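This report describes a two-chain structure through its confidence, secondary structure, cores and interface. Please read it with the structure open.

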Amino acid sequence: MSEFDHDHGESGRNHSPGLSRRRILECMTWAGTGVLWTISGGVPRSLGLVDSAMAAAPAGLSFLQISDSHVGFDKPANPNALGTLEEAIARINAMPARPSFMIHTGDITHLSKAAEFDNAERIISQAKLDVHYVPGEHDFLDEDVKLYRDGYGRGAKGAGWYSFDANGVHFIGLVNVVDLKAGGLGNLGAEQLAWLEDDLKGRSRSTPIVVFAHIPLWTVYPEWGWGTEDGARALEYVKGFGSVTVLNGHIHQVMQKVEGNVTFHTARSTAFPQPAPGTAPSPGPMKVADDKLRGLLGVASINFKPGDQRLAIIDTPLQG
Amino acid sequence: MIPFTLRVHGKLAMAAAILLCLGAHAFAEDTEVTIDNFTFSPAELTVKVGTTVTWKNHDDIPHTVVSAGKFRSKTLDTDDGYSFTFTAAGAYKYFCSLHPHMTGMIKVE
C-alpha cells in the first residue's frame, strides 16, 4: 500500500478546523464505568455511558488499546498480573463488535524476562488480532536488550518506531523510553524526531493521525517523570493535521486532555493501578481493596468514523 | 590486640578487620543508600576514598543506579542491591535510568 494513498485531490481540505479554538484545554479524569466522547471542532462532547456508546455501532475504523500488562508483576497491588491480562483478553473476545486490530502501548512485561514475554504472547495472541506494539521501559531490562527487539521490533526503525496506515488513518508508533537523561522525562531523541518529520512530509493535512507511545507525550506530572522531554517537538509536527489523537500508557489511569485539534488520552493498565498525580508519596503500584482492583484496570476501544473528523474513545474497566 | 578483638563479637571484630585491611588509608565505613518511594536516600552522601556504597531497592518497581561513564547497576528488582567501591575522589552524580527524575550524588573525599 502506498503511503500516500489518501493524498489525492484533498488539498482543498488542507486546513485545521480546531485552530480558532486552541484556547480550549480540558483535563478530565474518569474513574467510573467509562464514557464515550467525541471531538468536534476542538470541543469535547460526552455522549453517554458505555452501554449507549456500544449501541451506536461504529461505522468506521474501530481498534483497541491495551497497555502496561506488566506480566511477571506479583506484588501486593496485584499478585496475579497475568491473570488480569487474561481477563482483559477475555473481555475483548466478548465484545459485540470485533475491532480491526489492537495497539499495545508498552510495559508488556515487568522485568523483560524471556518467560514473561512468552506468557504475554500466549495470552494476548488469544485475541486473534494483529497487535502493534511500542515498548515501555520495562521491556528493555534484559542484559542484552534484545528480547523486545527480536520479538516485536522487527521492521521498525531505531529502538522500535514505525508507522502504518489503516482505513485512511495514519498510525505512528513512537519510542520514548530509551536514552533517558538524568533529571529528565521521557525522550524521543533527534533521530526519531527527524524520522517523524520525514514520515509526515507531503501527507495531506486531512489525514487523521494517531500517535501512540508509552510515556505520555504531553506533560502530565513532571515531578513523577510523567511527560516527554521533547514531546512538544513531535506535537509541533502533527498539530497542523485536522484530527490528531495521542494515545499513551505508563501512568496506569485514564487521563484526557483536548488542546485544539489534538486529543490526548492515557489508558488503564491491565496489571495494577497507580495513584493520581501528587496524591501519594510516589507513583508506585497502588494497593486497593481486592474488590476495587478490577474497577481500576481495563482497556480502551477507539472508534473513528470517516468524514466526521471525530474520534470516540471508550474506556472499559475489567469490572464495574 | 588481635587475640583480644577476636574474642568479641559483631562490630568490634569487623572494625578490627577493616583497620587491618586499610593499612595507611583513612577509616572508610561502608554505607548504604536506600531506594524507597522512587527516591534515593540519602540523596547526597559524602564518603572517604575506598568506601563501598550499597544501594538497596525497597520499591515494588525495579530501578537502576547509573553514573554516566562511572558505574551502572543491572536492573534492581525489589530487595535487590548493587555495590560500588569508590577508589577516586570526586563528585559522582547518578540517576535511575528507568525513572530519570530520581537522582543522587556521592561525594568522595
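The text below goes from the whole model to single residues.

This is a predicted model, in which local features need pLDDT of at least 70, side-chain atom pairs count only at pLDDT 80 or more, and totals for chains, interfaces and linings use all residues. Residues are numbered from 1 along each chain as its sequence is written, while chains are lettered from A and ligands numbered from 1 in the order in which they are written.

**Confidence**

The model has an ipTM of 0.79 and a pTM of 0.81. In chain B the average pLDDT (the predictor's confidence in each residue, from 0 to 100) is 84, and 75% of the residues reach at least 70. The pLDDT falls below 50 over residues 1–8 of chain B, a stretch with 5 contacts in the model beyond near neighbours in sequence. Residues 16–25 of chain B also have a pLDDT below 50, and 5 contacts beyond near neighbours in sequence. Two residues are in contact here if their C-beta atoms, placed from the backbone, lie within 7 Å.

**The two chains**

Helices (H or I, at least four residues) and strands (E, at least two) are DSSP runs, numbered from the N terminus. A residue is buried if 20 or more other C-beta atoms lie within 10 Å of its own, exposed if 12 or fewer, and partly exposed in between, with C-beta atoms placed from the backbone.

| Chain | Residues | Buried | Helices | Strands |
|---|---|---|---|---|
| A | 320 residues | 48% | 7 helices | 14 strands |
| B | 109 residues | 27% | 2 helices | 9 strands |

In chain A, 71% of the contacts between residues at least 6 apart in sequence join residues at least 24 apart. For chain B, residues 24 or more positions apart account for 43% of the contacts with a separation of 6 or more. Read from the N terminus, chain B places its two α elements before its β elements.

**Sheet in chain B**

Four strands of chain B form an open sheet in the order β2-β1-β4-β7, with mixed pairing. Strands β2 (39–41) and β7 (81–85) of chain B are at the edges with a single partner strand each, so one side of each has no neighbour in the sheet. Neighbouring strands of this sheet are turned by 20 degrees against each other on average, direction ignored. Strand β1 (residues 31–36) of chain B pairs with β2(B) in the antiparallel sense over 3 bridges; two strands pair if DSSP finds at least two bridges between them. Within β2(B), Ser41(B) lies opposite Thr34(B).

**Cores**

A nonpolar core is a set of buried Ala, Val, Leu, Ile, Met, Phe, Trp, Tyr and Cys residues joined through C-beta atoms within 7 Å. The largest one has 72 residues, and those with the most contacts inside it are Leu174(A), Val211(A), Ala213(A) and Val246(A). Helix α2 (residues 81–93) of chain A gives this core its largest share, 6 residues. A second, separate core has 15 residues, among them Val33(B), Leu76(B), Tyr94(B) and Met102(B).

Beyond four places in sequence, Val246(A) touches Val211(A), Leu217(A), Trp218(A), Val262(A), Thr263(A), Phe264(A) and His265(A). Ser243(A) sits in the loop between α6 (231–238) and β10 (244–248) of chain A. Ser243(A) counts as buried because it has 23 C-beta neighbours inside 10 Å.

**Contact between the chains**

Chain A and chain B contribute 17 residues each to the contact. On the side of chain B that touches chain A, 6 residues are nonpolar, 7 polar and 4 charged. Here Ala, Val, Leu, Ile, Met, Phe, Trp, Tyr, Cys and Pro count as nonpolar, Asp, Glu, Lys and Arg as charged, and the others, Gly among them, as polar.

Technical notes: Axes are lines fitted to C-alpha atoms, for helices over the stretch in contact, and angles run from 0 to 180 degrees between N-to-C directions.
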